[in-house]
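Trainee: Could we take a close look at one part of this model? I'd like to go through the protein surface by the DNA.

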2 protein chains.
Amino acid sequence: MRDPLSRTFAALADPTRRAILAKLSEGEANVSELAEPFLDDMTLPAITKHLKVLESAGLISKGRKAQWRPCQLNGEPLREAVDWMEQYRSAWEDQLDRLGAYLKSKHKGARHGREK
Amino acid sequence: MRDPLSRTFAALADPTRRAILAKLSEGEANVSELAEPFLDDMTLPAITKHLKVLESAGLISKGRKAQWRPCQLNGEPLREAVDWMEQYRSAWEDQLDRLGAYLKSKHKGARHGREK
DNA sequence: CCTATATTACACCAATCGGTTAATTAACGG
DNA sequence: CCGTTAATTAACCGATTGGTGTAATATAGG
């Protein structure tokens with residue numbers, strides 16, 4: 001079994017699952033409601049599986065109301081994923097800055113030192 | 001082939017690859033430098049493969065300096081990944097707030113307003 | 001040219017992933 | 001009790017993943 005962060009990212013690495021999360025960000029929804037937009041492309045068990053991935057990554061939690069399973073967004077893992085990224089934000093922003101500078105210098109023929 | 005966002009998240013869904021990115025956030029490094037911390041656990045070709053995943057997700061780019069391939073962090077996909085998450089930040093923060101409130105109320109049975 | 005170093009390519013393997021169909025469970029409502 | 005609706009389980013399949021070992025390639029330098 002993988003570490004939580006890996007599971008979170010793995011769960012996010014699928015457009016269907018991201019769309020499900022997007023939908024859930026608007027509020028609770030049960031399985032068939034979540035499945036509906038995808039039923040042209042895949043069957044219900046496929047959705048069940050996706051939900052299981054999301055659930056075991058802790059990104060959603062399922063309740064039960066009669067025969068329905070109302071699903072709910074679970075923010076914590078998302079926060080941790082963003083936290084991991086933010087940790088390196090300055091580094092990759094520097095890189096983006098250098099890229100921007102470089103692209104600029106290509107226009108002007110300017111010099112751009114970069115030693116280390 | 002998958003969409004860029006999925007590729008980014010998939011690339012992040014592995015602790016080795018995240019560690020490589022973390023290292024690169026401190027500056028350029030060539031393949032063997034990046035591999036060194038992992039050589040107890042896996043071989044060099046495994047690292048090459050991880051780098052290829054990162055590269056084809058656009059997260060790093062490889063240069064060439066003699067027989068070395070200096071790797072460099074590439075911020076753009078990370079920014080896009082964070083952007084995707086931020087899009088739903090308010091939704092999952094609301095959820096975290098409700099969770100916090102709930103946990104609080106379990107202790108105090110107190111009321112706690114928090115509306116947008 | 002020869003050799004050492006750095007890195008990649010190739011062929012293979014087991015495990016996981018994303019999907020299917022068919023059967024099953026669970027709960028409601030007449 | 002029966003039929004319907006909601007959702008899951010199970011068995012299966014092909015493709016991808018993450019690793020291996022071995023061979024090949026590229027470059028520097030004597």
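Trainee: How far is a phosphate oxygen of DNA strand D from an N or O atom in the side chain of B:Thr43?

Mentor: Keep in mind that this is a predicted model. The distance you're after is 2.7 Å, between a phosphate oxygen of DNA strand D and an N or O atom in the B:Thr43 side chain. Two other side chains make contacts of this kind. In chain A, an N or O atom in the side chain of A:Ser32 sits 2.2 Å from a phosphate oxygen of strand D. Back in chain B, a polar side-chain atom of B:Arg17 is 3.0 Å from a phosphate oxygen of that strand.

As for secondary structure, the elements giving two or more residues to the surface near DNA strand D are α3 (31-35) and α4 (44-56) of chain A, plus α4 (44-56) of chain B. The residues of that surface split into eight nonpolar, seven polar and seven charged.

Now for who sits where. There are 22 residues around DNA strand D, and the ones that come nearest are A:Ser32 and A:Lys52 from chain A, with B:Thr43, B:Lys49 and B:His50 from chain B. On the DNA side, 75% of the strand D atoms that come within 4 Å of the protein belong to sugar and phosphate. The phosphate contacts of A:Ser32, B:Arg17 and B:Thr43 are good places to start when you go through the model yourself.

Methods:
Residues numbered from 1 in each chain as written. Chains lettered and ligands numbered in written order. Predicted model: local features only at pLDDT ≥ 70, side-chain atom pairs only at ≥ 80, totals over all residues. Heavy atoms only, no water. Near = heavy atom within 4 Å. Polar contact = N/O pair within 3.5 Å; in protein donor to acceptor, adjacent residues only side chain to side chain. Helix = DSSP H or I, 4+ residues; strand = E, 2+ residues; numbered from the N terminus. Nonpolar A, V, L, I, M, F, W, Y, C, P; charged D, E, K, R; others polar.
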